[in-house]
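Me: I have a structure to go through for class, and I would like some help with reading it. Could we take it one topic at a time?

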Amino acid sequence: MKNDNRKIVLVGTGFVGMSFAYALLNQTACDELVLIDVDTQKAEGEAMDLNHGVAFSASHMKIYAGGYSDCKDADIVAICAGVAQKPGETRIDLLQRNTAVFHSIIAPVVESGFRGIFLIATNPVDIMAHVTQRLSGFPASRVIGTGTTLDSARLRYMLGSYLEVDPRNVHAYVMGEHGDSEFVPWSQAMVGTKPVLTIVEESPQSYSVKDLEEISEDVKNAAQKIIAAKKSTYYGIGMSMVRIVKAVFGDEKSILTVSTLLQGEYGQADVYIGVPCIVSRDGVCGVLEVLLTKKELEKFKLSANLLQDAFGGIRFEQ
Ligand code: NAD
C-alpha cells in the first residue's frame, strides 16, 4: 500500500457483493470503492444507491462504477461474481463455467498492473481461490479465499448461545472445505482458555458431546437452511469479507480461517483449503498448525482430497 487511500475494487454486484459493499460503508472499512459487473447498469445503479447513504455515514467513501483499469492502484480486488448452478448441471460443469467467468475477470485485472490482494468469495470458494491463483500467477499469500471464515463465525455464535458466553470469547474453528466435508476440530475449541470438551465433561447434566456434534451439523447445514427460507445467503458473508479486509488494512496479523494454499502444513500440499491463517497487510503471512487428533487429521485429509480432485478436473485454457 503506497498511500493512505484504502482502495477496493469489487467484481460482482449481486447479493453477496452488495452486502459486502454496504458493510464496508457502514464500518468505514475503506476510502474508495469501485463497482464492476458484467451488468454495467446494475453496477451503476448500486453505486448511486450507496452514494445516497453517504450523507448519513461516518465515512467519506468515494464510490463509483468503474472498469478493470481501476484495479491498477487498488489494494484489494474482491470477487463475488459467478453463475448459478443450472438444473441437472454437475458440480464440475459449474466449476468449468465459473472458471470461464474468472478468466474474463482475472486477465484484465492482472493486465491493469494490479499488485494487491485478491479476496475471493465465489463458490466453491476454495477451488475458485485456487483458480484465481493459477490464472493470475500471484504468490499464494496474495490470493485469499473466504474459506471457513463465515462457518467459524456461525460456530462461535451457536457455541456462545449453547454455553451462554459471549461468542467473542469462544475460540473455535471450522476447518476444511467450505462445504459438506468441513468439520469442527473439537480438541481445539476453547472458551477463554478452557477447552470446550473439558467444560462438557465437567457438567454432564447441562452439556453433552452429542449436542456439540449437533452444533457442527447445524453449522454445516446453515447455508442450506437459509437458502430454503430466503433463496440465498449474503449478510454473514459480506461481514466476513469486511473482517478479512480490516485484518489486511490494519496489518492486524489476526487469525482467521481463510482459504489458503497449503505447502506441507497438515501433511497436505497444492490445495486451497480453510485453515487458521495469520492475515496481515501482505495477505496470508502464515498458517497456524493447530494440534489435530488422528481422527481430525483424517477428516482434514478427506476434505483436502475432495478439493484436489475437483480442482484437478478443471480444464484450463492455454
Ligand atoms: P448473484 O447472482 O446475486 O450475483 C452474482 C453477480 O455476478 C451478478 O450481479 C452477475 O451479473 C455478476 N457476474 C456474472 N458473471 C460476471 C462476469 N463475467 N463479470 C462480472 N460480473 C459477473 O449471486 P450472489 O448471491 O451474490 O452470490 C455470489 C457468489 O457468492 C456465489 O458463487 C455464491 O455461491 C457465493 N457465496 C459464497 C459464500 C461464502 O461463504 N464464500 C457465501 C454465500 C454466497
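Reply: Gladly, and one term is needed before we begin: a polar contact here is a pair of N or O atoms within 3.5 Å. Please also keep in mind that this is a predicted model.

Me: Okay, so which side chain has an N or O atom 3.0 Å from a nitrogen atom of the ligand?
Reply: That is the side chain of T146, where an N or O atom is found 3.0 Å from a nitrogen atom of the ligand.

Me: And what about the backbone, which residues have a polar backbone atom 3.0 Å from the ligand?
Reply: F15 has a polar backbone atom 3.0 Å from an oxygen atom of the ligand, and A121 has a polar backbone atom 3.0 Å from a nitrogen atom of the ligand.

Me: How much of the ligand does the protein bury?
Reply: The ligand taken alone exposes 870 Å², and the protein buries 79% of that area.

Me: Where does the ligand sit?
Reply: The ligand sits in the largest pocket, and the elements that give two or more residues to the shell around the ligand are α1, residues 15-26, and α3, residues 91-111. The largest share of that shell comes from α3, which gives three residues.

Me: How many residues surround the ligand, and which are the closest?
Reply: The ligand is surrounded by 23 residues, of which V16, D37, A121, N123 and T146 are the closest. Sorted by character, the shell has 12 nonpolar residues, 10 polar ones and one that is charged.

Me: N123 was in that list, so what kind of peptide bond joins N123 and P124?
Reply: N123 and P124 are joined by a cis peptide bond, with an omega of about -5°. As for its place in the chain, P124 lies in the loop between β5, residues 117-120, and α4, residues 125-136.

Me: Changing topic to phi angles, what is the phi of D251?
Reply: D251 has a positive phi of about 50°, although D251 is not a glycine. This residue is in the loop between α8, residues 235-249, and β10.

Me: Which strand does β10 pair with?
Reply: β10, residues 254-256, is joined by three bridges to β13, residues 277-280, and the two strands run antiparallel. Within this pairing, L256 stands opposite C277 in β13.

Me: How many bridges are there between β13 and β14?
Reply: There are four bridges between β13 and β14, residues 283-287, and the pairing is antiparallel. β13 and β14 form a hairpin with two residues between them, and V279 has V284 in β14 as its bridge partner.

Me: Last topic, what is the strand order in the open sheet of three strands?
Reply: The order is β7-β8-β9, and the pairing is antiparallel. β7, residues 170-171, and β9, residues 194-195, stand at the edges with a single partner strand each, so one side of each is left without a neighbour in the sheet.

Me: And how many bridges join β8 to β9?
Reply: Two bridges join β8, residues 190-191, to β9, and these strands run antiparallel. One residue to look for is V191, which stands opposite K194 in β9.

Terms used. Residues are numbered from 1 along each chain as its sequence is written. This is a predicted model: local features need pLDDT of at least 70, side-chain atom pairs count only at pLDDT 80 or more; totals for chains, interfaces and linings use all residues. Side-chain values use heavy atoms; hydrogens and water are left out. Two strands pair if DSSP finds at least two bridges between them. A residue is near a molecule or strand if one of its heavy atoms lies within 4 Å of it. A polar contact is a pair of N or O atoms within 3.5 Å; within protein, one must be able to donate a hydrogen and the other to accept it, and residues adjacent in sequence count only if both atoms are side-chain atoms. Accessible areas come from the Shrake-Rupley method with a 1.4 Å probe; for residues, only the protein chains shown count as cover. On a 1 Å grid over the protein atoms alone, a cavity is a set of points where a 1.4 Å probe fits but cannot get out, and a pocket is an open set with protein on both sides within 12 Å along at least five of seven lines; lining residues have an atom within 4 Å of a point. A molecule sits in a cavity or pocket if more than half of its atoms lie within 2 Å of its grid points. Ala, Val, Leu, Ile, Met, Phe, Trp, Tyr, Cys and Pro count as nonpolar, Asp, Glu, Lys and Arg as charged, and the others, Gly among them, as polar.
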